[in-house]
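Trainee: I've got a structure on screen and a stack of terms to go with it. Please walk me through what earns each label.

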Amino acid sequence: MPSLPTIQPEDVAAAEHAAHDEGHFDAPAETQIDDALGEYLLRLGDDNLILGQRLTEWCGHAPALEVDLSLANMALDLIGQATLLLDLAGEVEGRGRDADALAFHRDVLAFRNCLMVEQPNGDFAQTMARHFLFATFQVALLEGLAASTNPRLAEIAAKGVKEIRYHAELSADWIVRLGDGTVESRERMIEGLDWHWRFVDELFQMDAVEQDLAARGVAVDRAALRARFDAAVAATLMEATLPAPTYPRGVLGGRKGHHSEHLGHLLAIMQYLPRSYPDARW
Amino acid sequence: MSPSALAIDEAAILAALDDVPDPEIPAVSVTDMGIVRGVGGTPPALLITPTYSGCPATLVIEASIREALDAAGFAAVPIRTVLSPPWTTDWISERGRDRLRAYGIAPPPRGAATRSLRAVDEVRCPRCDSADTREISRFGSTPCKAQWQCRACLEPFDRFKCH
């Protein structure tokens, strides 16, 4: 019987210590894409991929059959768009990686999604709160990207925005239905929105990579989308008779690979099969 | 086969695909659905487009089209997927709409893609033709369909989403 190599705790500690002393929390260089466009496409693709994977956890568990179908179909839209974006990211990188390679063979620190999409589903209200906030933002983002000077990105966005508009409307309906529903549904929706509100600022965060791309008309200036987002959210909350969530400071870090603990657990499930059986086909 | 021969054969190629069913809705063909966009590009290829970004039938559709092309003697014609202009329900042909209705699926109205999703369209029951219908769920058995019910005959039915 083959034996596993013995892992010495002091070796592990030394390796961790070395990494932290250097101040590096980044993934190994060979798993990263240096090109600015590639990095941007990873951010967009990872947002969709991780939110899509999260939604699939509802499959078979939603409160009603129709809702189960809705969540699974929205997951499908998101994962479909992620495939297009990550395939393009791999093409830009030019090292032969496709969407599958990027989705299944990157470690947690190499993921560039925002923190909101990796948050656990919580209850149904919390899932819908997250989806409403993200889809409302994403409609504005994709409408802008449909006019990107990069024609490949523009056509993916033009196709995707038609799908995400549906998500925004469906989730807004649930904000109203639960917010203006029973005492309990209202409480839960308030809690769901409060939890996710701390992750909203990151959706509109710009850095040097995106500013440069936005100046060339490739990317969208996220910061410029905030006013429209705030107005759309306020209108739905008013209809839902819900208070505006307040949180003093947004949590950031996802775009640099500084994720919450939750993402690793999500990837463990998502990546298990292709990592255990590389190149498996059926 | 030379490029000019391909161009000449476009009609024959499309005819060969006229019987290739959509795997999710076998009552309509891939040409009825507007999935097949004809021959074009350089080098010339059969252009196809997905209905939804995440449509899981995309790979099956491409495989079925490949098989039909090979069987009709067009093995040399490559297939290329294009995204723009994005597919909308307006790409579904009149024959496709008739076939959907006969199959029990309410087809989407024309020009749906340009209107708000919340626009109130008249939706007729594909069974009894009553306009007294209601939406049960925005999402149905496939990403492209919503669930509706007829108040007159009480039958639930699928409606092709305005998209």
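Trainee: When α3(A) passes α7(A), is the crossing left-handed or right-handed?

Mentor: It's a left-handed crossing. That name applies if the near helix is turned anticlockwise from the far one by less than a right angle, and right-handed applies if clockwise. Before we go on: this is a predicted model, in which local features need pLDDT of at least 70, side-chain atom pairs count only at pLDDT 80 or more, and totals for chains, interfaces and linings use all residues. Residues are numbered from 1 along each chain as its sequence is written, while chains are lettered from A and ligands numbered from 1 in the order in which they are written.

Trainee: What makes α3(A) roughly antiparallel to α7(A)?

Mentor: Look at the angle: helix α3 (residues 65-93) and helix α7 (residues 151-179) of chain A pack at about 165°, with their axes 11 Å apart. Angles under 35 degrees count as roughly parallel, over 145 as roughly antiparallel, 65 to 115 as roughly perpendicular and the rest as oblique. About 165° is over 145, so α3(A) is roughly antiparallel to α7(A). The axes are lines fitted to C-alpha atoms, for helices over the stretch in contact, and angles run from 0 to 180 degrees between N-to-C directions.

Trainee: Which residues make that contact?

Mentor: From α3(A), they include Met74(A), Leu84(A) and Leu88(A), and α7(A) brings Ile156(A) and Leu170(A), among others. Being in contact needs C-beta atoms, placed from the backbone, within 7 Å. By class there are 6 nonpolar, 4 polar and 3 charged residues. Here Ala, Val, Leu, Ile, Met, Phe, Trp, Tyr, Cys and Pro count as nonpolar, Asp, Glu, Lys and Arg as charged, and the others, Gly among them, as polar.

Trainee: And why are α2(A) and α10(A) called roughly perpendicular?

Mentor: The axes of α2 (residues 36-56) and α10 (residues 208-215) of chain A come within 10 Å and cross at roughly 105°. That falls inside the perpendicular range, and the label therefore fits. Among the residues in this contact are Tyr40(A) of α2(A) and Leu213(A) of α10(A). The split is 5 nonpolar, no polar and 3 charged.

Trainee: How many helices and strands does chain A have?

Mentor: It has 12 helices and 0 strands. Helices (H or I, at least four residues) and strands (E, at least two) are DSSP runs, numbered from the N terminus.

Trainee: Why does Arg186(A) count as partly exposed?

Mentor: Arg186(A) has 17 C-beta neighbours inside 10 Å. Buried means 20 or more other C-beta atoms within 10 Å of a residue's own, exposed means 12 or fewer, and partly exposed is in between, with C-beta atoms placed from the backbone. The count of 17 sits in between, so partly exposed it is. Arg186(A) is in helix α8 (residues 183-197) and touches Leu178(A), Gly179(A) and Gly181(A), leaving aside residues up to four places away in sequence. For the whole chain, 43% of the 282 residues of chain A count as buried.

Trainee: How many residues does each chain put into the contact between A and B?

Mentor: Chain A puts in 21 residues and chain B 18. On the chain A side, α3 and α7 each supply at least two residues, and α7(A) gives the most, with 11. That side has 8 nonpolar, 5 polar and 8 charged residues.

Trainee: Over in chain B, what makes β1 and β3 edge strands?

Mentor: Three-strand sheet first: the order is β1-β2-β3, it is open, and the pairing is mixed. β1 (36-40) and β3 (79-81) each have a single partner strand, so one side of each is left without a neighbour in the sheet. Two strands pair if DSSP finds at least two bridges between them. β1(B) and β2 (residues 45-48) clear that bar with 4 bridges, in the antiparallel sense, and Gly38(B) has Leu47(B) as its bridge partner.

Trainee: What is the strand order in the sheet with 4 strands?

Mentor: It runs β4-β7-β6-β5, again open and mixed. β6 (residues 145-150) and β7 (residues 156-160) of chain B pair antiparallel over 5 bridges, and β5(B) and β6(B), also antiparallel, are joined by 4. Trwo-sided pairing shows at Trp148(B): its bridge partner is Glu135(B), and it stands opposite Phe157(B) in β7(B).

Key: Contact = placed C-beta atoms within 7 Å.
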